[in-house]
Amino acid sequence: MTNNLRVERAIKNITQEELAKIVGVSRQTINSIESNKYVLSTVLALKISEYFKKPVNEIFFLTDEDRN
């Protein structure tokens, strides 16, 4: 899975730390998600999409590898 979380944060001009506090995780978790090193839970994906007021699949995307 990949994402455009960094872009979404830039649009809203918020830091990893600010987003982390909003959704209830650590800054390191947000960093790991953005770096595609951490597959987040459905609950966390929904919290993030709710904050950005976008559907989950406009922020998070399956890769070809995920589809196989």
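Is Arg 67 buried or exposed in this structure? Arg 67 is exposed, with a relative accessible area of 56%, where exposed stands for over 50% relative accessible area, buried for under 20% and partly exposed for what lies in between, computed with a 1.4 Å probe on protein chains only. The model is a predicted one, in which local features need pLDDT of at least 70 and side-chain atom pairs count only at pLDDT 80 or more, while totals for chains, interfaces and linings use all residues. Residues are numbered from 1 along each chain as its sequence is written, and side-chain values use heavy atoms, with hydrogens and water left out.

Arg 67 is also a way into the salt bridges, of which a search of the whole structure finds four; a salt bridge here is a side-chain nitrogen of Lys or Arg within 4 Å of a carboxyl oxygen of Asp or Glu. The partner of Arg 67 is Asp 64, and the closest N and O atoms of this pair are 3.9 Å apart. Because Arg 67 and Asp 64 are three residues apart in helix H5 (residues 64-67), about one helical turn separates them. Helices (H or I, at least four residues) and strands (E, at least two) are DSSP runs, numbered from the N terminus. Asp 64, like its partner, is exposed, with a relative accessible area of 59%.

Another salt bridge joins Arg 6 to Glu 34, with 3.4 Å between the closest N and O atoms. This pair links distant parts of the chain, since Arg 6 belongs to helix H1 (residues 5-12) and Glu 34 to helix H3 (residues 27-34), 28 residues apart. Arg 6 is partly exposed at a relative accessible area of 45%, whereas Glu 34 is buried at 6%. Arg 6 and Glu 34 are linked with Arg 9 in a network of salt bridges.

Helix H1 takes part in a further link, for the side chains of Glu 8 and Lys 54 meet in a salt bridge of 3.0 Å, N to O. Here too distant parts of the chain are linked, with Glu 8 in helix H1 and Lys 54, 46 residues apart from it, in the loop between helix H4 (42-52) and strand E2 (60-61). Glu 8 counts as buried at 5% relative accessibility, while Lys 54 is partly exposed, with a relative accessible area of 28%.

Which residues are buried in H1? They are Leu 5, Glu 8 and Arg 9. Seen down the axis of H1, these buried residues fall within an arc of 100 degrees, so they line one face of the helix; the arc is that of the directions from the helix axis to the C-beta atoms. On the other side of H1, Ala 10 and Ile 11 are exposed. What covers the buried residues includes strand E1 (2-3), helix H2 (16-23), H3 and H4, contact meaning heavy atoms within 4.5 Å. Just after H1, Asn 13 takes a positive phi of about 55 degrees.

The aromatic rings remain to be described. One aromatic pair is counted, under a rule by which rings of Phe, Tyr and Trp (its six-membered ring) pair if their centres lie within 6.5 Å, with planes under 30 degrees apart counted as stacked, over 60 as edge-to-face and the rest as tilted. Tyr 51 and Phe 52 form this edge-to-face pair, 4.9 Å centre to centre with 75 degrees between the planes. Tyr 51 is partly exposed at 22% relative accessibility, and Phe 52 is buried at 6%.
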